[in-house]
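Open the model in your viewer and keep the sequence panel visible. The stops below go through charged pairs and then cysteines.

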Amino acid sequence: MTTTLEAQLSDKLQMVDEIKDNDQEPGKQEETGISDKGAPGISDVKTTSPSSSDSATKSIAPEPEFYDKAQKYWSEVPATVNGMLGGLGYISAIDIQGSTVFLREIRVPGNRLALDCGAGIGRVTRNLLIPRFNCVDLVEQDSAFAEKAREYCITEDVSPGKVGQIYNVGLQKFTPSQQYDLIWSQWVLGHLTDRDLVAFFRRIKQGLAPGAFFCLKENVSSSKKTVEDKEDSSVTRPLDSYERFLKEAGFRIVRKVKQQNFPKGLFPVYMIACKPVSKE
């Protein structure tokens, strides 16, 4: 379903104690969490070893249930920045600043058209992408968020033409129909199974203009294991899982940076910029 872990903050920022590799009962650990649009509390979290895309769905609920549960969860979240961030709206400026520096460092070659995947109400579109691109398309599954996004992103300083197509569909079903100078995905990929994630990467690759970048910004687990959140039906993967899946889908990583200055107790957040191997 890939609702948006982000409005972005379709983020799935979750407050956790660092997960330690120990001999506790397999599959069960309690962690204090604030999920991106959820309430603080104790969540029953399951950790699993990183898996290949062929066994992606074995450690989580069956695909229809996994996606349906996440869609229901996000449908009950307020269409606000604070709602998108699970009450952590104050980190938005820090997040945008980190992403701004990251984009400046990779030097995106064009400024014609960008795509925001898992856009939520358009927080990233409005604050990060619109200032840099002539037009931005959005992908957001939740219809209420998608409707709010156009209103939120068009201000007195932003013309209606800056916001392009809004695709009201989950990322596991989305295929780009245009060529983009930048495709940005943030705090949403945890709502895809491993198999659907690799398939999404492969489809996204076809939507990149020559020399363009695909960038993802995601929480990563600290323990080399995948962490399942049953409340919002998502997973937090180790960093090396994203690296492996990108390579499997035909990407090469150009730059990888850890987000700085987030509050203590959150999952580490990494930004990864990559390009298709076949287009280089």
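**Salt bridges and cysteines**

Select Lys217 and Asp95: the two form a salt bridge, with their closest N and O atoms 2.6 Å apart. Lys217 sits in strand 7 (residues 208–219) and Asp95 in helix 3 (residues 92–106), so this pair ties together parts 122 residues apart in sequence. Both residues of the pair, Lys217 and Asp95, are buried. The model is a predicted one.

Stay in helix 3 and select Glu105 together with Arg255. Their salt bridge has its closest N and O atoms 2.9 Å apart. Arg255 belongs to strand 10 (residues 251–258), and the pair links parts of the chain 150 residues apart. Arg255 is partly exposed at 33% relative accessibility, and Glu105 is partly exposed at 40%. Now add Arg123 to the earlier selection: salt bridges with shared partners join Asp95, Arg123 and Lys217 into one network.

Next, select Arg195 and Glu63, whose side chains meet in a salt bridge (3.4 Å, N to O). Arg195 is in helix 6 (residues 194–205) and Glu63 in helix 1 (residues 63–75), so the contact ties together parts 132 residues apart in sequence. Relative accessible area is 34% for Arg195, which is partly exposed, and 25% for Glu63, also partly exposed. How many salt bridges does a search of the whole structure find? It finds seven.

Finish with the cysteines. The same kind of search returns zero disulfides. Select Cys215 and Cys274: their sulfurs are 7.0 Å apart, too far for a bond. Cys215 is buried, at 0% relative accessible area, and Cys274 is buried at 0% as well.

Technical notes. Residues numbered from 1 in each chain as written. Predicted model: local features only at pLDDT ≥ 70, side-chain atom pairs only at ≥ 80, totals over all residues. Heavy atoms only, no water. Disulfide = S-S within 2.5 Å. Buried < 20%, exposed > 50% of the residue type's maximum accessible area, 1.4 Å probe, protein only. Salt bridge = Lys/Arg side-chain N within 4 Å of Asp/Glu carboxyl O. Helix = DSSP H or I, 4+ residues; strand = E, 2+ residues; numbered from the N terminus.
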